[in-house]
Amino acid sequence: MSQIQCLDIGNTSTKLGIFQGEKLSDIIVVETTKLIKDPNSILSKIKEENGPLSYCSVVPKAEDSLLNGLTNFAGCIHSVSSDSRANLPVSYPTPNEIGADRIANAIAVFNTLTLPAVVIDQGTATTFDIVTPNSGYEGGVILPGPQGFLDYLSHATALLPQISLPKSFVISSSYGKSTKDAMLIGVFLGYNQMIQGMIEKLNFELSERFNQRIKFVITGGSPLKLDLDGCIQRENLTLEGLKIAFEFNL
């Protein structure tokens, strides 16, 4: 059974996984800053016996570190981007502005779902990407990720503290009795409402245009996990797209 190594270099984290046929295993996640400072944190996991490498990157410095460390890698290395996007049509007027991870996500849904579909990717930024049957990648929406809201409040104000988004937060009231709780409640309650509002707006516009139910797919590495009714959870959608893209490149 053939193997493919897939690597997603994101702004905050970098994820590596190995596909054996359709099965994904050996998933490793490291901070992208660590990849830049210590490329061996990922390079030591990329082995020729595990097959070719398909990757995407939105961090040029991390990508340079990776490629410099792979000069002796004898296997095939395939980069996914707006210029190398498998069978995905792109009707977006400026394809080079689309992040490579968003291209990989769109490739995955274009090849595995009945369209139209919207991909919601929660990361450093939260993105919505619209993929339709004939036009392929049409466009999207970009919002700050959950941590981005907290970072903005800290950086743009004199007295609000820097807070890291916890993996869980128990909400006992709709308002906080400390500055930290007030900020976290704002994100944990307000963020979901914002995302739900975007879903309702996009669903109304697209379902009216296509006269059918629109699929919404949630992916990404944010600790604030969305669990919205009717949405499809595909945690490793980007890696799936990287695998499909490589197979089309054969």
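This note sets out numbered points on the fold, cores and helices of a predicted model.

1. Overall fold. The protein comprises seven helices and 10 strands. Its radius of gyration is 19 Å, close to the 18 Å that the globule rule gives for 250 residues, so the protein is as compact as a globular protein of that length. The C-alpha trace spans about 60 × 50 × 30 Å along the principal axes.

2. Burial and contact range. Of the 250 residues, 45% count as buried. When contacts between residues at least 6 apart in sequence are considered, 54% of them join residues at least 24 apart.

3. Largest nonpolar core. This core has 29 residues, of which V80, L88, I107, V109, V131 and L242 touch the most other members. Two or more residues are contributed by each of strand 1 (3-9), helix 4 (100-112), strand 6 (117-122) and helix 7 (237-249). Helix 4 gives the most, with eight residues.

4. Surroundings of I107. With neighbours within four places in sequence set aside, I107 is in contact with V80, R85, A86, L88, G241, I244 and A245. Two of these partners, V80 and L88, also appear among the core members that touch the most others.

5. Second core. A separate core of 25 residues includes M183, I195, F216 and L224. M183 and I195 are also listed among the buried residues of helix 6.

6. Helix 3. In helix 3 (residues 60-69), the buried residues are A62, E63, S65 and L66. Viewed down the helix axis, these buried residues fall within an arc of 160°, so they line one face of the helix. The face turned away from the buried side carries the exposed residues P60, K61 and N68. Packing partners of the buried residues are strand 1, helix 1 (32-37), helix 2 (40-43), strand 4 (53-57) and strand 5 (77-79).

7. Geometry of helix 6. Helix 6 (residues 179-210) has 32 residues, and the distance from its first C-alpha to its last is 45 Å, close to the 46 Å expected at 1.5 Å a residue. The helix nevertheless contains a kink of about 30°, centred on G190. Just after helix 6, N211 adopts a positive phi of about 55°.

8. Packing of helix 6. The buried residues of helix 6 are M183, L184, I185, V187, F188, Y191, I195, M198, I199, L202 and L206. They pack against strand 6, strand 7 (125-132), strand 8 (136-144), helix 5 (146-156) and strand 9 (215-220). Strand 6 is also one of the elements that give two or more residues to the largest nonpolar core.

Definitions and conventions: Residues numbered from 1 in each chain as written. Predicted model: local features only at pLDDT ≥ 70, side-chain atom pairs only at ≥ 80, totals over all residues. Heavy atoms only, no water. Core = buried A, V, L, I, M, F, W, Y, C linked by side-chain atoms within 4.5 Å. Buried < 20%, exposed > 50% of the residue type's maximum accessible area, 1.4 Å probe, protein only. Helix = DSSP H or I, 4+ residues; strand = E, 2+ residues; numbered from the N terminus. Contact = heavy atoms within 4.5 Å. Arc of directions from axis to C-beta. Expected span 1.5 Å × (residues − 1). Bend = angle between axes of the 7 residues up to and from the residue. Rg over C-alpha atoms; globule rule 2.2 N^0.38 Å.
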